[in-house]
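Got the viewer open? Set the chain to cartoon and keep the selection tool handy for a short walk.

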Amino acid sequence: AEATEQAAQHGAELTGQAFTLRNLGSEPIDLSSEREAPAGALAFAYGRDALAPGETAQAFLVFAKGGLE
């Protein structure tokens, strides 16, 4: 949130993208340790710590307009 506030204060236009994550495997996936955003992203969030087989979750990526590295 701090990086997003700093970018907004410096006049950076922000944009974002929503993704759907789906576990197609037969084992649960632990998402709690996979919180690193791609280079250039200001925020990456999803509301779950784990996905059971067949479950889906929404993820959101926020970055300054102009793209990611």
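Helices and strands here are DSSP runs, at least four residues for a helix and at least two for a strand, numbered from the N terminus. With that in hand, colour by secondary structure: along the sequence you should read α-β-β-β-β-β, that is, one helix and five strands. Keep in mind that this is a predicted model.

Next, select residues 14-22, which is β1, and 41-46, which is β3. These are the edge strands of an open sheet of three strands, in the order β1-β5-β3 with antiparallel pairing. Each edge strand pairs on one side only. Look at how the neighbours in this sheet are set: on average they are turned by 15° against each other, direction ignored.

Now add β5, residues 56-64. Nine bridges join β5 to β1, and the two run antiparallel. To see one of these partnerships, pick Gly 16 and find Val 62, its bridge partner in β5.

Which residues make up the largest nonpolar core? Show side chains for Leu 31, Tyr 46, Leu 51, Ala 57 and Ala 59; those five are the core. Stay on Leu 51 and bring up its contacts: leaving out residues up to four places away in sequence, it touches nine-part company that includes Leu 21, Pro 28, Ile 29, Leu 31 and Ala 57.

Finally, switch on the surface. The accessible surface comes to about 4800 Å², and 50% of that belongs to carbon and sulfur atoms. Of the 69 residues, 14% count as buried.

How values were computed
Residues are numbered from 1 along each chain as its sequence is written. This is a predicted model: local features need pLDDT of at least 70, side-chain atom pairs count only at pLDDT 80 or more; totals for chains, interfaces and linings use all residues. Side-chain values use heavy atoms; hydrogens and water are left out. Buried means under 20% relative accessible area, exposed over 50%, partly exposed in between (1.4 Å probe, protein chains only). Accessible areas come from the Shrake-Rupley method with a 1.4 Å probe; for residues, only the protein chains shown count as cover. A nonpolar core is a set of buried Ala, Val, Leu, Ile, Met, Phe, Trp, Tyr and Cys residues joined through side-chain atoms within 4.5 Å. Contact means heavy atoms within 4.5 Å. Two strands pair if DSSP finds at least two bridges between them. Axes are lines fitted to C-alpha atoms, for helices over the stretch in contact, and angles run from 0 to 180 degrees between N-to-C directions.
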